Amino acid sequence: MTTSELPPQVPRRGGRLSRRVAAVLLRLLGWRVAGSVPDVAKCVVIAVPHTSNFDGLYVLPALLALDLKISIFGKQSLFAVPGLAAFLRWAGVMPLDRAHAGGVVDEAVASFRRSERLFLGISPEGTRHAAPKWKSGYWRIARGAGVPILPVAIDYARREVLFLPLFAPSADMAADHAALAALFRGVEPKHRHRLSLPLREHPINETD
């Protein structure tokens, strides 16, 4: 997949140099992008499994090489640091006021409503260390904003960042958690012992 293959509705970074450098870096690392980015303007993106800081080393150049802009939330205080705010905005980081009465979910839903295009990255696991369950924030944001969920697999066996089909959340959060976790069956993490419990309930297929 290349930037020329991105569908027209998705948010882009618009950085030619960073795209070329990232593409070279991804090849040097021996990783690739697989699957396809759906032609939607808004969605919640979940990258799973997240068991190591190394995950970002492969995901970030994959996104830059595609010129795909996925935004995340960062502490509002970071944007007060001189010179840092411009870089954070370029990187897709949006300021989050944790003192806001509505919390992260309401702020995220509001961001979707005021944005023409937004791919918002949320971690369902919330930690790299064997989470006992997935957090509900990503699901509540998708439901509240009326947007689909885009699952992205970080597969160390195939050395690829894989875009899976869009998932439309239902009114049953538990069922959706289970259905999404099942999509990652066969995906090899960096550290198996750090897999979140929902992924352990859908163990890796050794024959894959």
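Start with the whole chain in view: among contacts between residues at least 6 apart in sequence, 71% join residues at least 24 apart. Keep in mind that you are looking at a predicted model.

**Stop 1: the whole chain**

Colour by secondary structure and you can pick out seven helices and seven strands. Following the chain along its sequence gives the pattern α-β-β-α-β-α-β-α-β-α-β-β-α-α. Now colour by burial, if your viewer allows: of the 208 residues in the chain, 47% are buried.

**Stop 2: a pair of helices**

Select residues 103-114, which form helix H4, and residues 137-145, which form helix H5. These two helices pack with their axes 9 Å apart, at an angle of about 40°. That angle makes H4 oblique to H5. Turn the view to see how they cross: H4 passes H5 in a right-handed crossing.

Which residues meet where H4 and H5 touch? Show side chains for Val105, Ala108, Val109, Phe112 and Arg113 on the H4 side, and for Gly137, Arg140, Ile141, Gly144 and Ala145 on the H5 side. Sorted by class, this contact holds six nonpolar, two polar and two charged residues.

**Stop 3: along H5**

Stay with H5 and highlight Gly137, Tyr138, Trp139, Ile141 and Ala142, which are buried. What do the buried residues of H5 pack against? Their partners are S2, H4, S5, S6 and H6. Before you leave, step just past the end of H5 to Gly146, which takes a positive phi of about 70°.

**Stop 4: the cores**

Next, select Val44, Leu120, Trp134, Tyr138, Ile141, Ile149 and Phe184. These residues have the most contacts inside the largest nonpolar core, which has 28 residues. At least two residues of this core come from each of strand S2 (42-48), H4, strand S5 (118-121), H5, strand S6 (149-155) and helix H6 (173-183).

Centre the view on Phe184 and show what surrounds it. Leaving aside residues up to four places away in sequence, Phe184 touches Val48, Trp134, Pro151, Val152, Ala153, Leu164 and Leu199. Apart from this core lies another, of 23 residues; to find it, select Val10, Val45, Leu66 and Phe163, which are among its members.

**Stop 5: backbone details in the loops**

Three loops are left to visit, so switch to a view that shows the backbone atoms.

Go to the loop between S2 and helix H2 (54-66), where you will find Pro49. The peptide bond leading from Val48 to Pro49 is cis, with omega near -5°. You have already met Val48 as one of the residues that Phe184 touches.

Then move to the loop between H2 and strand S3 (72-75) and select Asp67. Asp67 is a residue other than glycine with a positive phi, near 70°. Is Asp67 buried or exposed? Its relative accessibility is 3%, so Asp67 counts as buried.

Finish in the loop between S6 and strand S7 (160-163), the place of Arg159. Arg159 is not a glycine, yet its phi is positive, at about 55°. With 36% relative accessibility, Arg159 counts as partly exposed.

Definitions and conventions: Residues are numbered from 1 along each chain as its sequence is written. This is a predicted model: local features need pLDDT of at least 70, side-chain atom pairs count only at pLDDT 80 or more; totals for chains, interfaces and linings use all residues. Side-chain values use heavy atoms; hydrogens and water are left out. Axes are lines fitted to C-alpha atoms, for helices over the stretch in contact, and angles run from 0 to 180 degrees between N-to-C directions. Helices (H or I, at least four residues) and strands (E, at least two) are DSSP runs, numbered from the N terminus. Angles under 35 degrees count as roughly parallel, over 145 as roughly antiparallel, 65 to 115 as roughly perpendicular and the rest as oblique. A crossing is left-handed if the near helix is turned anticlockwise from the far one by less than a right angle, and right-handed if clockwise. Contact means heavy atoms within 4.5 Å. Ala, Val, Leu, Ile, Met, Phe, Trp, Tyr, Cys and Pro count as nonpolar, Asp, Glu, Lys and Arg as charged, and the others, Gly among them, as polar. A nonpolar core is a set of buried Ala, Val, Leu, Ile, Met, Phe, Trp, Tyr and Cys residues joined through side-chain atoms within 4.5 Å. Buried means under 20% relative accessible area, exposed over 50%, partly exposed in between (1.4 Å probe, protein chains only).
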